[in-house]
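Visitor: Could you take me through one helix pairing in close detail? I would like the geometry, the contacts and then the surroundings.

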Amino acid sequence: MSGFLASPHLADLVLGVLILEATVLAVWARRSGRGPSVSAWLPFLIAGACFALALRVVLAGGSSVWVGAALVGAGIAHGVDLGLRLRDGSDR
């Protein structure tokens with residue numbers, strides 16, 4: 001188990017779960033006309049995916065440049081999420 005926790009496959013699993021979550025939310029909203037809008041959850045999930053990508057690069061022994069790029073992406077997505085929340089005045 002500790003081998004899995006130290007392998008890049010852990011981040012792959014997290015990314016897979018995020019993709020599944022996004023798919024379920026999009027299909028639910030499209031079929032039912034209910035649920036949160038894409039703008040309510042997409043920046044949040046993108047930030048999480050960028051963090052998972054940074055983790056994957058670290059666990060795979062990749063370049064710190066790619067770690068930094070993933071973290072910058074997470075920061076931008078987080079900023080967009082916060083901006084949308086402040087604009088809407090909601091907790092989403």
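Visitor: Are α2 and α3 roughly parallel or roughly antiparallel to each other?

Guide: Happy to take a look with you. This is a predicted model, in which local features need pLDDT of at least 70 and side-chain atom pairs count only at pLDDT 80 or more, while totals for chains, interfaces and linings use all residues. Residues are numbered from 1 along each chain as its sequence is written, and side-chain values use heavy atoms, with hydrogens and water left out.

Two packed helices are described by the angle between their axes and the distance between the axes. Here, helix α2 covers residues 8-32 and helix α3 covers residues 38-59; their axes cross at roughly 165° and come within 8 Å. The axes are lines fitted to C-alpha atoms, for helices over the stretch in contact, with angles from 0 to 180 degrees between N-to-C directions. Helices are DSSP runs of H or I with at least four residues, strands are runs of E with at least two, and both are numbered from the N terminus. The two helices are therefore roughly antiparallel to each other, a label for angles over 145 degrees (under 35 is roughly parallel, 65 to 115 roughly perpendicular, the rest oblique). Their crossing is left-handed, meaning that the near helix is turned anticlockwise from the far one by less than a right angle; clockwise would be right-handed.

Now for the residues. On the α2 side, the contact includes Pro8, Ala11, Leu15, Leu18, Ala22 and Leu25, and among its α3 partners are Trp41, Leu45, Ala49, Ala52 and Arg56; contact means heavy atoms within 4.5 Å. By class, the contact of α2 with α3 has 15 nonpolar, one polar and three charged residues. In this scheme Ala, Val, Leu, Ile, Met, Phe, Trp, Tyr, Cys and Pro are nonpolar, Asp, Glu, Lys and Arg are charged, and the others, Gly among them, are polar.

In soluble globular proteins, nonpolar side chains tend to be buried together. The largest nonpolar core has eight residues: Leu15, Leu18, Ala22, Leu25, Trp41, Leu45, Ala49 and Ala52. Both α2 and α3 supply at least two residues of this core. Such a core is a set of buried Ala, Val, Leu, Ile, Met, Phe, Trp, Tyr and Cys residues joined through side-chain atoms within 4.5 Å. Leaving aside residues up to four places away in sequence, Trp41 touches Ala22, Leu25, Ala26 and Pro36.

Not every residue of α3 is buried, which means under 20% relative accessible area (exposed is over 50%, partly exposed in between, with a 1.4 Å probe and protein chains only). Val38 lies in helix α3 and counts as partly exposed at 44% relative accessibility. Its C-alpha is 12 Å from that of Val24, 14 residues away in sequence. Ile46 is also placed in α3 and is partly exposed, at 39% relative accessible area. Between the C-alpha atoms of Ile46 and Arg56, 10 residues apart in sequence, there are 15 Å.

Helix α3 has another neighbour. The axes of α3 and α4 come within 8 Å and cross at roughly 165°, which makes α3 roughly antiparallel to α4. The crossing of α3 with α4 is left-handed. Ile46 takes part in this contact, together with others including Phe44 and Phe51 of α3 and Trp66 and Leu71 of α4. The contact of α3 with α4 divides into 19 nonpolar, three polar and two charged residues.

Further along, Leu86 lies in helix α4, residues 64-88, and is exposed at 73% relative accessible area. Its C-alpha is 24 Å from that of Leu18, 68 residues away along the chain.

To set the pairing in context, the protein has four helices and zero strands, and buried residues make up 26% of its 92 residues. The C-alpha trace spans about 40 × 25 × 15 Å along its principal axes. Among contacts between residues at least 6 apart in sequence, 55% join residues at least 24 apart.
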